[in-house]
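Student: Could we go through this structure together? I'd like to know how the labels on it are earned.

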Amino acid sequence: MQRLIRFEHESFIKFIYASVMVKEQAAKRLLEDIAMFKYRHMVWAMTDAVKAGIKFNLDFKEEEIKKIKVETEEDLLEVLINDLEENLRSYGEIKTPSRDRFKNDDEYFLSQLRKLDLEGEISAFNQSKKLPGVDLEENAKAALVFFLMEETFKEYELITIYSYLKVHSNEADANSAFTDLAYDSIYHLRRFANLAAQMGVLTLPRIIPHDKYENIGIIKFLKENIEEEIGAEKQCLILAEKIGNEELSNFLLFISRQEVYHAELLQRALDCVSNKN
């Protein structure tokens with residue numbers, strides 16, 4: 001079961017990051033779709049493990065994720081095709097309630113990947129630190145790069161933690177809050193990673209330490225994260241004011257309002273857990 005969760009987790013990471021690395025819009029949409037299905041696969045595999053009383057973690061092999069750090073879109077497509085092929089081979093060894101669904105999804109998406117004709121260089125890692133079509137002052141540019149690199153990893157970390165908490169929660173309200181938070185974090189990750197890729201400063205995720213999500217004091221965690229969301233709102237507002245670009249400023253203001261909503265969702269989960277205790 002641990003191997004299945006790791007495979008689906010690694011696929012999710014590869015496809016969601018690959019979706020911001022390619023330039024053709026239809027290809028982006030397909031890779032985003034596959035990433036979302038792979039996220040669902042990961043959560044379903046985690047749920048199967050919980051139901052079976054099997055302990056698991058959310059580690060991944062860093063060398064596996066680094067495979068997408070290639071120079072051309074053709075090479076990236078080859079990595080992604082190989083990933084789904086490897087997943088399909090692995091399903092023969094696994095017997096879980098979700099296996100047939102995984103197999104059906106992957107077979108379809110593999111057929112769609114093979115229809116793609118990607119070409120061109122990948123610029124997501126070239127460190128250009130320039131946003132196409134946008135002129136920024138050096139201090140605003142430096143602040144944006146720092147923000148994107150920090151927030152991209154933070155959103156990946158939150159996806160991991162909220163997903164783990166979701167599958168271990170028996171409270172409907174808390175489960176709903178963790179689900180919403182995870183999906184919002186996926187959206188934020190895509191938007192931040194897309195801007196980072198355009199600026200050539202995309203960074204791949206790091207493995208989350210187990211003590212960030214295993215056997216954590218849930219009430220303490222929720223209280224701390226409410227404060228973090230409030231702090232994130234202020235950070236977005238400060239950057240929106242100094243960025244010097246209307247479109248980017250409006251985007252950051254939009255994200256700041258999302259952070260307020262996230263704090264409300266965390267408070268809802270906290271109320272639910274506190275009442276139970």
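Tutor: Sure, starting with a term: on a 1 Å grid over the protein atoms alone, a pocket is an open set of points where a 1.4 Å probe fits, with protein on both sides within 12 Å along at least five of seven lines, and lining residues have an atom within 4 Å of a point. By that rule, the lining of the second largest pocket is K154, E157, L158, I161, K212, I216, G217, K220, F221, E224, N225 and E228. The elements that give two or more residues to this lining are α6 and α8, where helices are DSSP runs of H or I, at least four residues, numbered from the N terminus. With 5 residues, α8 supplies the largest share.

Student: Before we go on, what kind of model is this?

Tutor: It is a predicted model: local features need pLDDT of at least 70, side-chain atom pairs count only at pLDDT 80 or more, and totals for chains, interfaces and linings use all residues. Residues are numbered from 1 along each chain as its sequence is written, and side-chain values use heavy atoms, with hydrogens and water left out.

Student: How much space lies in the second largest pocket, and how do its lining residues divide?

Tutor: About 260 Å³, a volume being the space filled by probe spheres set on the grid points, which are joined across faces, edges and corners. The lining has 4 nonpolar, 2 polar and 6 charged residues. Here Asp, Glu, Lys and Arg count as charged, Ala, Val, Leu, Ile, Met, Phe, Trp, Tyr, Cys and Pro as nonpolar, and the others, Gly among them, as polar.

Student: What makes Y187 and F254 an edge-to-face pair?

Tutor: Rings of Phe, Tyr and Trp (its six-membered ring) pair if their centres lie within 6.5 Å; planes under 30 degrees apart are stacked, over 60 edge-to-face, and the rest tilted. A search of the whole structure turns up 13 aromatic pairs. For Y187 and F254, the centres are 6.2 Å apart and the planes 90° apart, so both tests are passed. Y187 is in helix α7 and F254 in helix α9 (residues 246–276), so the pair ties together parts 67 residues apart in sequence. Ring pairs also link F12, Y39 and Y183 into a cluster.

Student: Why is Y187 called partly exposed?

Tutor: Buried means under 20% relative accessible area and exposed over 50%, with partly exposed in between (1.4 Å probe, protein chains only). Y187 is at 25%, so it counts as partly exposed. F254, at 29%, is partly exposed too.

Student: How do you know that R40 lies over the face of F37?

Tutor: A charge sits over a ring if NZ of Lys or CZ of Arg is within 6 Å of the ring centre and within 35 degrees of the ring normal. R40 is 5.2 Å from the ring centre of F37 and lies over its face. R206 does this over F153, at 3.7 Å. R40 belongs to helix α2 (residues 25–51).

Student: Why is C236 called buried, and how many disulfides are there?

Tutor: C236 has 1% relative accessibility, so it counts as buried. C272, at 12%, is buried as well. A disulfide is a pair of cysteine sulfur atoms within 2.5 Å, and the count by that rule is 0.

Student: What about phi of N215, and is N215 buried or exposed?

Tutor: Phi of N215 is near 50°, a positive value in a residue other than glycine. N215 sits in the loop between α7 (172–198) and α8 (218–242). At 75% relative accessible area, N215 is exposed.
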